[in-house]
Amino acid sequence: MSSKRSGMEWKNLNIFLGFLLIYAARISFGLTNPSDVAAINSLYAALGSPLLPGWIASGGDPCAEAWQGVQCNGSDIMSIVLNGANLGGQLGDNLGMFASIKAIDFSNNQIGGNIPSNLPVTMQNFFLSANQFSGSIPDSLSSLTMLTDMSLNNNNLSGEIPDAFQSLSGLINL
């Protein structure tokens with residue numbers, strides 16, 4: 001009976017250690033997709049490293065640490081909503097690194113520069129109204145085949161509206 005009990009205790013200890021290792025790995029390696037972490041770190045730097053709760057310039061774990069305006073599904077960043085957050089700077093060139101993001105809303109800020117041409121193809125909602133964007137609307141918008149809603153009004157955009165919108169059959173609100 002004693003050896004049976006020792007075996008049971010050993011099994012329980014192994015199960016406990018297994019859960020402990022899984023938990024430790026989650027802390028050590030983070031919950032958020034590494035590509036999303038790189039993308040959001042680059043975005044943060046391009047925005048001029050504003051004071052946003054939880055956000056840091058390098059590393060971090062936006063999904064596990066509940067960064068302001070960031071919504072996740074499992075390990076993937078699904079949306080960033082920072083409407084009216086008094087942001088400046090630019091969006092940078094690495095938004096396309098987001099693996100599964102569906103929505104970006106940076107409306108009502110002071111973000112400038114050009115609208116990046118490298119955008120996530122998974123995007124469904126893209127709101128940049130009431131900022132200081134300049135230049136033209138990028139032709140690469142045609143690759144956003146899942147896009148349903150987009151707002152670019154009240155910026156300093158110039159040039160012709162590209163033919164990119166013809167391929168966006170799901171675009172309901174522009």
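Let me begin with confidence, since this is a predicted model: across the protein the lowest value falls in helix 1, residues 2-29, with a mean pLDDT of 49, while the highest falls in strand 3, residues 103-105, at 97. Within that first helix, the stretch from residue 17 to residue 28 has a pLDDT below 50, and in the model this stretch has two contacts beyond its near neighbours in sequence. Taken over the protein, the mean pLDDT is 85, and 83% of the residues reach 70 or more.

With that in mind, let me turn to the overall layout. The protein has three helices and eight strands, and if you follow the chain from the N terminus the order of elements is α-α-α-β-β-β-β-β-β-β-β. There are 174 residues, of which 37% are buried. As for how the chain meets itself, among contacts with a separation of 6 or more, 42% are between residues 24 or more positions apart.

Now to the strands. How are strands 4, 6 and 8 arranged in their sheet? They make an open sheet of three strands, in the order 4-6-8, and the pairing is parallel. Strand 4, at 112-113, and strand 8, at 156-157, stand at the edges with a single partner strand each, and therefore one side of each has no neighbour in the sheet. Strand 6, residues 132-135, runs parallel to strand 8 and is joined to it by two bridges; if you would like to find one of the positions on screen, S134 has N156 in strand 8 as its bridge partner. As a general reminder, the strands of a sheet pair through backbone hydrogen bonds, in either a parallel or an antiparallel way.

While we are on strands, I would like to pause at V81, which sits in strand 2, residues 76-81. Is V81 buried, exposed or partly exposed? Its relative accessible area is 41%, and because that lies between the 20% and 50% cut-offs, V81 counts as partly exposed. Setting aside residues up to four places away in sequence, V81 touches G69 and D105. In the case of D105, the two residues are 24 apart along the chain, yet their C-alpha atoms are separated by 4.6 Å.

Next, the interior. The largest nonpolar core holds 37 residues, and the members that touch the most others are W55, I80, L91, F106 and F126. Helix 2, residues 34-46, and strand 2 each supply at least two residues of this core, and the element that gives the most is helix 2, with four. What does L91 touch, once its neighbours within four places in sequence are left aside? L91 is in contact with L43, A46, L47, F106, I111, P116, L128 and F133, and one of these, F106, is itself listed with L91 among the core members that touch the most others.

W55, another residue from that list, brings me to the aromatic rings. A search of the whole structure finds two aromatic pairs. In one of them, Y44 and W55 are tilted, at 5.9 Å centre to centre and with 40° between the planes; Y44 lies in helix 2 and W55 in the loop between helix 2 and helix 3, 62-65, so that distant parts of the chain, 11 residues apart, are linked. Y44 and W55 are both buried. The other pair is W55 with W67, which is also described as tilted, at 5.5 Å centre to centre and again with 40° between the planes. Here W55 in its loop is linked to W67 in the loop between helix 3 and strand 1, 70-73, at 12 residues apart, and both of these tryptophans are buried as well. Y44, W55 and W67 thus form one aromatic cluster.

Finally, the cysteines. How many disulfides does the structure hold? It holds one, which joins C63 to C72 with an S to S distance of 2.1 Å. A disulfide, in general, is a covalent bond between the sulfur atoms of two cysteines. The link of C63 and C72 is left-handed, with -85° about the S-S bond. The two ends fall into separate classes of accessibility: C63, at 16% relative accessibility, counts as buried, whereas C72, with a relative accessible area of 29%, is partly exposed.

Key
Residues numbered from 1 in each chain as written. Predicted model: local features only at pLDDT ≥ 70, side-chain atom pairs only at ≥ 80, totals over all residues. Heavy atoms only, no water. Pairing = 2+ DSSP bridges. pLDDT = per-residue confidence, 0-100. Contact = heavy atoms within 4.5 Å. Buried < 20%, exposed > 50% of the residue type's maximum accessible area, 1.4 Å probe, protein only. Core = buried A, V, L, I, M, F, W, Y, C linked by side-chain atoms within 4.5 Å. Phe/Tyr/Trp six-rings, centres within 6.5 Å; stacked < 30°, edge-to-face > 60°. Disulfide = S-S within 2.5 Å.
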